[in-house]
Amino acid sequence: MRMTTDLDQLARAAARGDEAAFAALTDRIYDRTFGLCFRLTGSRAEAEDLTHDLLIALPRKLPLYRGQSRFTTWLYRVTLNAAHDHRRKQATRARAHDGWGDVELMRRAEAAQRADEADWLTTAMRALPDDLRDTLALTLDDATHAEAAQVLGISEGTVSWRLSEARKRLRAIMEDTQ
Amino acid sequence: MTRDPLDDLKSALHSATPRPDPARRAATLRAAATEFSQENSLTRQGSADAPRPTPDRPAKWGLIAGVKQMLATLPARGALTATTALAAVGLIVLVPALQDGPPSPIRPSTEQIVEAVKDAPDVVPPVHLDLALEAPAMAPVTSRSAKSRIAATQTFAGGANAPAYDATRDPALQKQPENTEAFPEADPNPVKVTTDDPVSTFSVDVDTASYGVIRSSLMAGVLPPRDAVRIEEMVNYFPYLYPAPTDGAAFSTHVSTLQTPWNDGTQLVHIGIQGALPAVEDRPPLNLVFLIDTSGSMQDADKLPLLKQSFRLMLSQLRPEDEVAIVAYAGSAGTILKPTAASERSTILTAIDALQAGGSTAGQQGLELAYAKAEEMSAEGEVSRVILATDGDFNVGLSSPRAMEQFISDKRDSGTYLSVLGFGRGNLDDATMQALAQNGNGTAAYIDTLQEAQKVLVDQLTGALFPIADDVKIQVEFNPAQIAEYRLIGYETRILNREDFNNDKVDAGDIGAGHSVTAIYEVVPVGSGARLTDDLRYAAPASASDVQTDEWGYLKLRHKAPGASTSTLIETPITAESDARLGGETAFAAAIAGFGQVLRGSVHTGDWGFGDAIALASGAIGDDPFGYRAEAVRLMRLAQSLAN
């Protein structure tokens with residue numbers, strides 16, 4: 001049963017050329033990759049494009065995954081790098097933080113409360129520098145501190161420091177808005 | 001203001017994260033698969049077959065994998081209970097991750113945590129769901145060791161500002177797609193008092209979808225939802241050895257009575273209708289339009305791949321003069337295969353193999369296109385039929401199911417029939433399937449296995465595709481001098497008004513070549529202690545003297561020749577006699593009807609339960625060449641274990 005096979009095994013099988021394993025792998029990682037991309041970019045369209053690029057690049061990249069780390073960790077790193085590349089490209093077009101100001105986000109937030117929340121979120125995410133935002137995007141969802149540290153190539157202590165830094169800034173924003 | 005801003009950010013991020021667009025998702029997955037096979041054909045030619053990944057549970061993340069698998073096998077309400085258990089379990093896993101500040105030196109080791117939760121998914125095995133639902137407080141922790149470890153870990157990790165873990169926010173637990181199945185809601189037919197309401201009218205039903213859904217539920221280890229149980233479809237799933245009609249009649253009717261298995265004071269009136277089976281060589285040429293749902297959700301193994309295999313099986317049954325066309329609908333509808341003679345097997349097979357899932361569903365457009373194709377193909381003396389295969393999504397796009405029903409009803413008069421094949425679970429819109437097939441002069445079947453595909457599309461191809469009688473209606477008038485009360489078992493969604501019987505404009509079910517239809521009434525003879533109602537004190541007493549007959553009732557049946565607009569009438573009196581030729585057949589039908597009522601939680605079956613149904617059915621298996629009846633007994637046994 002494929003269902004019970006974990007991602008690491010799927011990834012190794014896919015790297016060996018097992019087509020069904022690759023299909024199962026991409027099916028299972030699509031949603032979480034899309035979610036992470038969204039949290040990194042703040043735009044649905046960009047998240048979709050990023051996920052698309054990532055997944056079609058995966059067949060070439062998979063052989064590089066040797067199974068020393070968990071596949072999810074590896075995938076986070078690949079995703080993060082792709083997001084950074086993307087961000088750089090955007091920066092050259094001088095719209096670095098456009099994503100979190102996307103009208104799409106506002107339009108979706110129909111309910112008044114959600115509008116407030118999204119508004120606050122946009123303000124908050126925009127106010128954070130890239131490195132803090134990346135750390136948040138990783139840790140607030142799936143990754144453990146240790147994993148985030150591994151992905152970002154920093155120590156676990158730095159992850160904790162970044163989070164408390166982010167907390168400070170968020171608190172400041174909150175006090176500003178109240 | 002002591003709230004942690006990170007919590008707010010987390011919840012805001014979660015609610016802002018959009019659900020992935022299924023069309024986009026499917027497109028990306030397809031592109032990735034293409035990329036993969038290209039990459040592999042370039043670099044890995046000649047490499048040995050990779051071993052299949054083994055399903056053994058890895059040391060790390062085994063919890064998540066196990067939890068996911070468990071959720072995948074649980075029904076929605078079961079999952080709800082299980083997540084209660086997981087919330088408690090998840091707490092110890094995720095609290096360290098969300099903890100404030102540097103990691104605590106006395107954090108429990110991974111081994112400890114894994115150890116503590118290892119047993120947890122087993123705490124609520126799927127089989128005991130109902131039990132767990134009744135006693136939710138018991139569910140989270142039944143293993144004493146797990147309990148003590150959880151307590152211990154909480155002391156370690158439960159810092160003052162450790163955020164509460166919210167299971168509904170955990171993406172691992174959210175992976176389970178929402179169950180959006182829809183079943184028609186219909187209350188069981190009530191007991192009628194013969195003096196008040198002596199006439200019962202209904203349309204025949206040759207659908208079998210309900211039995212397929214019940215089987216798929218039971219095989220997945222859960223009792224089916226009550227509204228999914230349509231007793232007439234269960235009874236009619238099985239072939240019965242009713243004597244075939246003679247001298248050119250379209251069908252024969254057989255009425256028999258027997259003792260009710262679940263009530264000593266009542267009798268069952270068993271009405272069996274057997275359609276004629278014209279020699280297969282004589283059948284008219286057939287025009288088939290496969291209308292195939294290729295939306296993203298169809299990619300599961302039990303959907304599009306099973307559908308492809310099923311159609312391949314069916315193709316072998318077609319004759320060279322038959323024609324096949326394929327229309328797919330997903331996002332936009334399109335013709336995949338122009339009308340092609342069945343003799344061009346390889347062309348048709350290639351078209352079937354090329355079908356891919358992706359995109360959202362545009363049912364209406366697809367239907368319009370399919371009917372247009374069918375009309376284009378039809379010629380004098382041929383039978384045209386649209387075969388709709390879907391996992392349930394019809395209604396993306398312009399139109400409501402009601403408008404589609406309307407569309408299909410209009411097309412019905414053009415002479416094109418419609419069959420609906422349901423695939424897969426989770427999103428099955430049984431109610432719409434049923435309504436569409438009913439309005440389109442067709443049948444609805446649910447295909448859960450290749451065997452079922454064989455039964456529906458190969459063994460019963462002739463019956464499924466060649467109507468021998470249209471708009472078959474049954475009306476029974478009971479004699480108040482003999483029968484005090486009666487109740488029609490099943491057919492809730494097929495009840496007609498008394499005046500509809502003689503009105504040829506009113507649509508009803510169709511009978512295909514060789515189909516048999518069975519209907520069962522439970523009747524209470526006058527003077528039986530099992531009566532549920534009392535005589536009225538002030539009403540005039542039933543004038544038994546007027547009708548000097550020992551007939552229990554009178555059966556009338558109307559049907560039209562295929563394509564005809566006026567109906568013919570067949571009449572048979574119902575007497576207390578039981579037809580000895582039908583002995584085992586009526587007993588088996590009664591066992592299935594009883595089984596269905598127990599599944600529905602009927603008030604009429606009393607203490608009679610699954611065990612009695614098993615005993616009755618096992619004794620009436622008779623000649624069962626394909627093993628359908630033996631399978632029914634196995635399902636009853638499964639249901640019995642699941643219900644306990």
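Helix α19 (residues 583–599) of chain B lies across four strands of the same chain: β3, β4 (267–275), β12 and β14 (516–525). The helix runs at about 75 degrees to β14(B). This arrangement belongs to a predicted model, and the description below is of that model.

One residue of this helix serves to illustrate the packing. A590(B) is placed in helix α19 of chain B. A590(B) counts as buried because 26 C-beta neighbours fall inside 10 Å. Apart from neighbours within four places in sequence, the contacts of A590(B) are L258(B), P261(B), L268(B), I520(B) and L616(B). W262(B) is 328 residues away from A590(B) in sequence, yet the two C-alpha atoms are 9.6 Å apart in space.

The sheet comes next. Five strands of chain B form an open sheet in the order β1-β12-β14-β4-β3, with antiparallel pairing. The edge strands are β1 (192–193) and β3 (251–259) of chain B; each has a single partner strand, so one side of each lacks a neighbour in the sheet. At one edge, two bridges pair β1(B) with strand β12 (residues 483–489) of chain B in the antiparallel sense. Here K192(B) has Y486(B) in β12(B) as its bridge partner. Beyond β12(B), the loop between β12 and β13 (509–512) of chain B holds Y491(B). Y491(B) is not a glycine, but its phi is positive, at about 60 degrees. Y491(B) is also buried, since 24 other C-beta atoms lie within 10 Å.

A second antiparallel pairing involves β2(B) and β11(B), which are joined by five bridges. Strand β2 (residues 199–203) of chain B is largely enclosed by the rest of the structure, because four of its five residues are buried. S203(B) stands opposite K473(B) in β11(B). Strand β11 (residues 467–478) of chain B also contains D471(B). D471(B), although not a glycine, has a positive phi of about 45 degrees. D471(B) counts as buried because 22 C-beta neighbours lie inside 10 Å.

Parallel pairing is found around β9(B). Strand β8 (residues 383–390) of chain B pairs with β9(B) over seven bridges, in the parallel sense. In this pairing, I387(B) stands opposite S419(B) in β9(B). Strand β10 (residues 444–447) of chain B also runs parallel to β9(B), and four bridges join the two. V420(B) has A444(B) in β10(B) as its bridge partner. Strand β9 (residues 416–423) of chain B is mostly covered, with eight of its eight residues buried. In a regular strand, side chains alternate between the two faces of the sheet. In β9(B), both faces are covered. One side carries T416(B), L418(B), V420(B) and G422(B), and the other Y417(B), S419(B), L421(B) and F423(B); all are buried.

The largest nonpolar core has 183 residues. Those with the most contacts inside this core are V289(B), F290(B), L291(B), A591(B), I592(B), A617(B) and M636(B). At least three residues of the core come from each of domain 2 (192–278 + 468–529 + 549–643) and domain 3 (281–460) of chain B. For M636(B), contacts beyond four places in sequence are made with F595(B), F610(B), A613(B), I614(B) and A617(B).

Over the whole chain, the secondary structure of chain B comprises 21 helices and 16 strands. Of the 644 residues in chain B, 48% are buried. Among contacts in chain B with a separation of 6 or more, 81% are between residues 24 or more positions apart.

Confidence varies along the chain. The mean pLDDT of chain B is 73, with 71% of its residues at 70 or more. Residues 44–177 of chain B have pLDDT below 50, and this stretch has 157 contacts in the model beyond near neighbours in sequence. Where pLDDT is low, predicted coordinates should not be read in detail. For the complex, the predictor gives an ipTM of 0.78 and a pTM of 0.53.

How values were computed:
Residues are numbered from 1 along each chain as its sequence is written. Chains are lettered from A and ligands numbered from 1 in the order in which they are written. This is a predicted model: local features need pLDDT of at least 70, side-chain atom pairs count only at pLDDT 80 or more; totals for chains, interfaces and linings use all residues. A nonpolar core is a set of buried Ala, Val, Leu, Ile, Met, Phe, Trp, Tyr and Cys residues joined through C-beta atoms within 7 Å. A residue is buried if 20 or more other C-beta atoms lie within 10 Å of its own, exposed if 12 or fewer, and partly exposed in between; C-beta atoms are placed from the backbone. Domain bounds come from an automatic or database domain assignment. Two residues are in contact if their C-beta atoms, placed from the backbone, lie within 7 Å. pLDDT is the predictor's confidence in each residue, from 0 to 100. Two strands pair if DSSP finds at least two bridges between them. Axes are lines fitted to C-alpha atoms, for helices over the stretch in contact, and angles run from 0 to 180 degrees between N-to-C directions.
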